[in-house]
Amino acid sequence: MANKKIYKTESGELVYGVMAEFANPAELSHAAEKVRDAGYTKWDVYSPFPVHGMEEAMGMKQTNLPILVAIMGLSGATIGFLFQLFVRHMAYPIVHQGKPSDAWQVLIPVTFEFGVIFTAFSALLGMFVINGLPRWNHPLLRKDRFLGVSDDRFIIAIEAADEKFDAQGVKTMFEKAGATAVELVTEEADKRKVKAAH
Amino acid sequence: MSQLTSHMSDSQSGDHAAAHAHGVDPALLRHENTHLPAGWGKGLMGLLGVAGVACLGLTAAYPFVAGGEGEKAAKAAKHAMASYHVGFITALGIMLGALAFVLIMHLVKAGWSVTIRRQAENLASLMPLGVIFALPIVFFGGKLFKWFDPALAKTDTLLQAKSAFLNPTAFYARLVVYFVVWCYLAFRLRGYSLTQDKTGEKSLSNKASWTSAWGILAFALVTAFAGVDLLKTLDFHWFSTMFGVYFFAGCMLSAIAVLALLMVLIRSSGKLEGLFTQEHSHDLGKLMLAFMVFWAYVAFSQYFLIWYANIPEETAWVLQRGGGSLTNAWTPVFWILCIGHFLAPFPLLIIRKSKQSFTLISLFAVWLLVMQIVDFFWIVRPMVYPDKYIAPNDVVTISETTLGLTWVDFTGALGPVFILLAAAIWKMSRVPLIPLKDPRLPEAATHKNYV
């Protein structure tokens with residue numbers, strides 16, 4: 001990370017990356033395969049609807065989220081179980097319905113619910129964190145062309161943060177892959193950042 | 001989308017989309033891939049069949065081998081009958097679960113499971129075997145069901161109140177209705193599927209869906225009643241409104257386990273290449289996991305309500321089976337069920353690899369099938385060596401119960417299951433391994449679980 005390159009336009013704007021438009025989902029899939037094979041890591045594909053086989057075309061790996069969710073779910077269930085046991089059996093033991101205060105049966109429903117709620121929340125929040133959400137804006141949204149991905153456009157964008165990024169190289173690759181348009185995407189002008197980059 | 005994707009041809013995703021548009025790759029549907037040679041699996045079938053018949057023979061011989069007179073002889077006969085009942089219910093449960101599988105898949109018009117459905121149809125259509133397995137009840141039902149005894153109906157208040165439902169004539173009549181419904185649904189749905197193999201008529205799939213729509217209602221009703229009749233009435237003082245669902249959960253789990261075993265068996269003989277892949281195994285494993293969790297959920301719900309309400313009529317059944325705070329001979333079995341049927345396999349089966357690997361899923365299938373037998377054993381067998389007879393107003397006693405486990409428990413439980421598996425293998429080579437012309441076959445052939 002130390003010698004991370006920072007790309008700027010001639011007018012000094014920070015470069016977010018390069019995006020390219022493709023004519024249809026098939027072209028999009030083929031282009032995604034080429035980007036995958038070229039070894040890029042920080043890029044994404046945008047289309048108005050899910051494209052079959054895109055996961056493979058992009059070479060997406062299984063997320064680590066399930067492991068996090070499993071750990072959180074099990075911890076949640078354990079916490080729920082122990083907390084109830086503590087309250088019922090140690091902190092304030094009372095006999096009710098003639099049941100022993102350390103009966104495990106009565107703890108199960110809440111233990112289950114604790115497990116479920118920890119699982120659900122860690123899945124949701126973990127997804128947010130891994131995806132870098134929430135964010136209020138995105139450089140791509142400044143491009144009129146990009147707004148069409150919610151309608152009829154198919155776009156691939158490679159970020160400048162990618163180690164292999166090279167604006168000219170990316171542009172050439174996209175054009176070879178059959179892009180109908182290639183555009184440079186810049187970050188929103190933020191004077192402080194630009195200064196720091198100098 | 002099909003117009004757009006027709007551009008794709010040379011890539012992986014291209015093939016995928018092309019298959020959607022144009023049907024299944026004919027190479028996959030070639031005869032050698034979708035049919036087993038006639039007489040295939042004779043060795044395995046013979047082995048299972050001989051073992052099954054031997055088990056049943058030994059079970060039948062048990063009362064004579066155990067010997068004794070009077071009460072001891074009666075007890076031995078009861079023991080043999082109860083052990084056989086465990087096997088009968090397991091085998092019946094597998095067929096019922098398979099029938100439910102076919103019904104559900106037709107009802108939701110599932111695509112992914114088309115290549116598995118034929119084996120489920122085969123299993124369900126073995127239902128006449130269930131009728132044969134039920135015959136001993138007709139002859140020796142009195143040994144199993146206390147309420148068959150007309151003398152008891154004169155003294156037992158609860159039995160008098162329930163006698164309109166609980167009498168042998170009504171019981172046999174109900175059994176006939178159950179088997180008629182099951183056989184009708186199984187044969188009708190398999191018939192549609194086999195006809196479609198020849199004619200390729202797509203409307204048959206819709207007919208099957210329609211049959212499944214009312215069929216699943218009839219099936220649910222009949223199966224819940226059958227669970228009550230065949231298992232719950234063994235202790236007719238007891239009641240649980242959850243029992244029908246509990247029975248169904250177990251049936252479904254064992255059927256999916258057997259389906260997984262059959263599919264892996266077919267696959268290991270080199271058939272169904274590209275038609276039953278690790279993706280299908282993954283989904284079958286998901287269903288197995290789901291029904292294991294469902295079983296645990298229902299089992300706990302039933303137990304929890306009984307535990308909470310603490311009414312003697314209800315608790316007696318659970319106490320007798322070692323589920324109370326006072327331990328007895330059945331307590332270890334109770335905990336084997338809690339741990340082996342849910343707690344231990346759950347964290348293992350939830351891992352993706354366990355479901356995708358043919359070896360691992362077979363191991364889990366065998367394990368869960370064994371656990372399901374233990375479940376039925378836990379339900380049925382305590383009646384042979386019960387506590388002191390517990391009348392509703394009596395004080396509950398948990399005196400020296402014994403498990404009384406002998407070899408007949410194994411032969412009785414395994415005999416019908418072995419015979420069922422042998423019959424399933426026999427059916428396998430007689431018809432195509434998959435519904436060859438099902439309109440949703442392309443969907444199954446290209447089925448994928450994405451990351």
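**Exercise 1. Into which classes do the residues lining the largest pocket fall, and how many are in each?**

*Solution.* Step 1: by class, the lining has 35 nonpolar, 11 polar and four charged residues. Here Ala, Val, Leu, Ile, Met, Phe, Trp, Tyr, Cys and Pro count as nonpolar, Asp, Glu, Lys and Arg as charged, and the others, Gly among them, as polar.

Step 2: a word on the model itself. It is a predicted one, in which local features need pLDDT of at least 70, side-chain atom pairs count only at pLDDT 80 or more, and totals for chains, interfaces and linings use all residues. Residues are numbered from 1 along each chain as its sequence is written, chains are lettered from A and ligands numbered from 1 in the order in which they are written, and side-chain values use heavy atoms, leaving out hydrogens and water.

Step 3: now the term. A pocket is an open set of points on a 1 Å grid over the protein atoms alone, where a 1.4 Å probe fits, with protein on both sides within 12 Å along at least five of seven lines; lining residues have an atom within 4 Å of a point.

**Exercise 2. Which residues lie nearest the centre of the largest pocket, and which helix gives the most to its lining?**

*Solution.* Step 1: the pocket holds about 2100 Å³ of space, a volume being the space filled by probe spheres set on points joined across faces, edges and corners.

Step 2: of its 50 lining residues, A:L74, A:F112, B:F342, B:L343 and B:F346 lie nearest the centre.

Step 3: α13(B) gives the most, with 12 residues. Elements that each supply at least two residues include α3 (65–91) and α4 (108–130) of chain A and α13 (278–309) of chain B. Helices (H or I, at least four residues) and strands (E, at least two) are DSSP runs, numbered from the N terminus.

**Exercise 3. From which domains of chain A does the lining of the second largest pocket draw at least three residues each?**

*Solution.* Step 1: chain A is divided into domain 1 (15–60 + 137–197) and domain 2 (65–130), with bounds that come from an automatic or database domain assignment. Their C-alpha centres lie 44 Å apart.

Step 2: both domain 1 and domain 2 supply at least three residues to this lining.

Step 3: the pocket has a volume of about 1100 Å³ and 27 lining residues, with A:W43, A:D44, A:M60, A:I130 and A:N131 nearest its centre. Strand β2(A) gives the most, with three residues.

**Exercise 4. Which residues touch the most other members of the largest nonpolar core?**

*Solution.* Step 1: a nonpolar core is a set of buried Ala, Val, Leu, Ile, Met, Phe, Trp, Tyr and Cys residues joined through side-chain atoms within 4.5 Å. Buried means under 20% relative accessible area, exposed over 50%, and partly exposed in between (1.4 Å probe, protein chains only).

Step 2: among 137 residues, they are B:F88, B:L123, B:W182, B:L231, B:L284, B:M288 and B:W378. Helix α5 (residues 71–107) of chain B gives the most to this core, with 18 residues.

Step 3: a second, separate core of 25 residues includes A:V18 and A:M173.

**Exercise 5. Where are B:K109 and A:P134 found?**

*Solution.* Step 1: B:K109 is in the loop between α5 and α6 (114–124) of chain B. Its phi is positive, about 50°, although B:K109 is not a glycine, and this residue is partly exposed at 40% relative accessible area.

Step 2: A:P134 is in the loop between α4 and α5 (144–147) of chain A. The peptide bond from A:L133 to A:P134 is cis, with omega near -5°.

Step 3: for background, most residues other than glycine have a negative phi, and most peptide bonds are trans.
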